[in-house]
Amino acid sequence: MTRAPRGKAYGVRSAPYVFLVPAALLFLLFFALPIGYAVHLSLRRTEVKGLGLGKGAREETWAGLSNYADALSDSELLHGALRILGYGAIVVPVMLGLALLFALLLDTDRLRLRGFSRLAIFLPYAIPGVVAALMWGFLYLPDVSPFLYALDAAGLPRPDLLDGGPLYLSLANIAVWGGTGFNMIVIYTSLRAIPAEIFEAARMDGCSQLQIALRIKIPMVAPSLILTFFFSIIATLQVFSEPTTLKPLTNSLSTTWSPLMKVYQDAFVNNDIHAAAAQAVIIAVATLTLSFGFLKAANSRTKQGDPR
């Protein structure tokens, strides 16, 4: 048995690392370095001398954890987080429930126009979030909304969809309308990967379509449900474009309605980039903590359910 030359063997062993270099560089440039710079900014502050005019009037100094202490005691940031929790309590279960329902319906054998239905459900996801928010915003406005005009014509009271409790439903509707299609595709792909022999055996045992869906399909796509839930939680914590786009249409949305709006307000309106960096790091840590905590709980539950 002949051995490969030493140089060739070394090249074979190093080939995977060479292929990883582009991905590692992209990760370093567009993920690791921005996070590191945000942490650096969050640990410093700008001190103003005198009137703040002239060269050397503003000096960047070490602040330690004072920016984090100020952020954690900021009532506006806390209220924004509570609003996001209420918003997410509506968006996540409704969106994933509809995605699962549509995926199960598309997976049935008797469905007609499956390709058109799949495209029609997925199409809203292809529309940019700002465009979708503008479109729904004009549909919510009392003076231009055809839906509210129809309620007027029918003599029915028309609700103010951009104020109070309905505002949460209006914002959640935009997210559900835009995100259901993506989650549906993920779940539907998992359903199509299930061997057809399993369903045939279930039908031979006398199982109905509902029983197959509840006892076979849903348990087998549980990893996809966990994945879509994971993505939905991250997207909910980072909501920004929808309330920002709707803000000019109503006085009920403040400039700090969501945590990311608070970060934007402090960074680019109040010109306090250091406080904004601390808030952004806190949001990132909270997102990672919730995400990994949920994944760990889901993995532990999956291991408990595995047969031994």
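Okay, let's start with one contact: the side chains of Arg44 and Glu60 meet in a salt bridge, 2.9 Å from N to O. Arg44 sits in strand 1, residues 44-48, while Glu60 belongs to strand 2, so this pair ties together parts that are 16 residues apart in sequence. As a bit of background, side chains of opposite charge can pair when their charged atoms come close. The total comes to 6 salt bridges here.

Before going on, keep in mind that this is a predicted model. How confident is it? The mean pLDDT of the chain is 86, and 91% of the residues reach 70 or more. Where is confidence lowest, and where is it highest? The low end is strand 2, residues 58-62, with a mean of 81, and the high end is helix 3, residues 75-106, at 94. So Glu60, from the salt bridge I opened with, is in strand 2.

Now, helices. Two packed helices are described by the angle between their axes and the distance between the axes. Take helix 3 with helix 7, residues 165-192: they pack at about 40°, and their axes are 7 Å apart. That angle makes helix 3 oblique to helix 7. The crossing of these two is right-handed.

Helix 7 also packs with helix 10, residues 222-237. What angle do they make? It's about 165°, with the axes 9 Å apart. That makes helix 7 roughly antiparallel to helix 10. This crossing is right-handed as well.

Last stop, the surface. Which residues make the nonpolar patch of about 520 Å²? They're Leu26, Leu28, Leu29, Phe30 and Leu33. If you want to find the place on the model, look for helix 1, residues 6-42, where Leu29 lies.

Methods:
Residues numbered from 1 in each chain as written. Predicted model: local features only at pLDDT ≥ 70, side-chain atom pairs only at ≥ 80, totals over all residues. Heavy atoms only, no water. pLDDT = per-residue confidence, 0-100. Helix = DSSP H or I, 4+ residues; strand = E, 2+ residues; numbered from the N terminus. Patch = residues over 30% accessible without salt bridge, like charges linked within 9 Å, V, L, I, M, F, W, Y side chains within 5 Å. Areas by Shrake-Rupley, 256 points an atom, 1.4 Å probe, with all protein chains shown as cover. Salt bridge = Lys/Arg side-chain N within 4 Å of Asp/Glu carboxyl O. Axes fitted to C-alpha atoms, helices over the stretch in contact; angles between N-to-C directions. Parallel < 35°, antiparallel > 145°, perpendicular 65-115°, else oblique. Left-handed = near helix turned anticlockwise from the far one by under 90°.
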